[in-house]
Amino acid sequence: MEKLNIQKQLDSFANKRLPYWEDFPDFELYMDQLVNLGNRYLTGFLGAPLTPSMINSYVKKGLMSRPVKKKYNATHLAELLVISLLKSVYPLDTIKNYNEQLLHEFSIKESYNSFAQIFNQALKNGGYVQPLANSLSLSKLTKHVIINAVIYKMVGEHLLQYKSKHDHI
């Protein structure tokens with residue numbers, strides 16, 4: 001019975017997913033819209049919701065591109081989603097390095113969609129995607145490892161919460 005309950009907990013991640021670039025709005029957003037949309041896309045992935053001050057901090061530290069006339073676009077949204085997921089595991093300096101090296105390695109659209117695809121596949125697999133080290137480039141292997149670390153943390157926290165709820169029964 002316990003194995004069935006654990007599997008149910010892992011399966012709950014299979015229904016979650018990051019949006020792909022094509023799911024983003026094709027118009028510019030103001031800060032409050034960016035925050036609301038980011039929080040909607042990250043529901044179930046983050047402990048604390050996004051705030052305008054977080055976004056301002058990411059821009060100030062060079063993690064996110066500067067808005068144009070206080071308006072944000074799909075690039076900002078992609079950067080925000082990746083930063084928000086990675087910051088649960090990695091320091092901001094590491095995330096900045098990651099963004100510079102991998103998120104902008106091709107077009108931002110291709111790089112983000114690659115990230116989302118690997119992330120979503122790991123969610124479907126209960127928290128892990130096996131990187132085939134000999135068939136991947138260094139950047140793809142790095143994406144796999146980084147994403148697996150984030151998802152393992154999320155799954156581990158979820159299972160710990162489940163365990164603490166059910167240990168008292």
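Me: Does α4 pass α6 in a left-handed or a right-handed crossing, and what makes the crossing so?

Reply: In this predicted model, α4 passes α6 in a left-handed crossing. A crossing counts as left-handed if the near helix is turned anticlockwise from the far one by less than a right angle. The two helices pack at an angle of about 35 degrees, and their axes are 10 Å apart.

Me: Which residues of α4 and α6 make the contact?

Reply: On the α4 side they are Thr75, Ala78, Leu81, Val82, Leu85 and Leu86. On the α6 side they are Ile108, Tyr112, Phe115 and Phe119. By class, the contact of α4 with α6 has nine nonpolar residues, one polar and no charged. Since Ala, Val, Leu, Ile, Phe and Tyr are among the residues counted as nonpolar and Thr is not, the polar one is Thr75.

Me: What makes α6 mostly covered?

Reply: Buried means under 20% relative accessible area, and 12 of the 17 residues of α6 are buried. They include Tyr112, Phe115 and Phe119, together with polar residues such as Ser111, Asn113, Ser114 and Asn120. Ile108, at the start of the helix, is also buried.

Me: How do you know that the reach of α6 is close to the expected value?

Reply: Helix α6 covers residues 108-124 and has 17 residues. The expected span is 1.5 Å times one less than the number of residues, which gives 24 Å here. From its first C-alpha to its last, α6 reaches 24 Å.

Me: Why are α2 and α4 called oblique to each other?

Reply: The axes of helix α2 (residues 31-41) and helix α4 (residues 74-86) come within 10 Å and cross at roughly 50 degrees. Roughly parallel needs an angle under 35 degrees, and roughly perpendicular needs 65 to 115. The α2 and α4 pair fits neither range and is therefore oblique. The crossing of α2 and α4 is right-handed.

Me: Which residues of α2 meet α4, and how do they divide by class?

Reply: Leu34, Leu37, Gly38 and Tyr41 in α2 meet Leu77, Leu80 and Leu81 in α4. The contact has six nonpolar residues, one polar and no charged. Gly counts as polar and Leu and Tyr as nonpolar, so the polar residue is Gly38.

Me: What makes Leu77 buried?

Reply: Leu77 lies in helix α4. Its relative accessible area is 1%, and the cut-off for buried is under 20%, so Leu77 is buried. Beyond four places in sequence, Leu77 touches Phe24, Pro25, Leu34, Leu37, Gly38 and Tyr41. Leu34 is 43 residues away from Leu77 along the chain, yet their C-alpha atoms are separated by 7.0 Å.

Me: Why are α2 and α3 called roughly perpendicular to each other?

Reply: The axes of α2 and helix α3 (residues 52-60) come within 10 Å and cross at roughly 105 degrees. That angle falls in the range of 65 to 115 degrees, so the pair counts as roughly perpendicular. Met31, Leu34 and Val35 in α2 meet Pro52, Ile55 and Asn56 in α3. This contact of α2 with α3 has five nonpolar residues, one polar and no charged.

Me: What makes Val89 partly exposed?

Reply: Val89 lies in the loop between α4 and α5. Its relative accessible area is 32%, neither under 20% nor over 50%, so Val89 is partly exposed. Leaving out residues within four places in sequence, Val89 is in contact with Ala149, Val150 and Lys153. Val89 and Ile146 are 57 residues apart in sequence, with their C-alpha atoms 8.9 Å apart.

Me: What is the phi of Lys69 and of Lys70, and why are both residues called exposed?

Reply: Lys69 has a positive phi of about 55 degrees, and Lys70 has one of about 65 degrees. Neither is a glycine. Most residues other than glycine have a negative phi. Lys69 is in the loop between α3 and α4, as is Lys70. Exposed means over 50%; Lys69, with 75%, is therefore exposed, and Lys70, with 69%, is exposed too.

Me: How many helices and strands does the chain have, and what percentage of its residues count as buried?

Reply: The chain has seven helices and zero strands. Of its 169 residues, 40% count as buried. Among contacts with a separation of 6 or more, 70% are between residues 24 or more positions apart.

Definitions and conventions
Residues numbered from 1 in each chain as written. Predicted model: local features only at pLDDT ≥ 70, side-chain atom pairs only at ≥ 80, totals over all residues. Heavy atoms only, no water. Axes fitted to C-alpha atoms, helices over the stretch in contact; angles between N-to-C directions. Helix = DSSP H or I, 4+ residues; strand = E, 2+ residues; numbered from the N terminus. Parallel < 35°, antiparallel > 145°, perpendicular 65-115°, else oblique. Contact = heavy atoms within 4.5 Å. Buried < 20%, exposed > 50% of the residue type's maximum accessible area, 1.4 Å probe, protein only.
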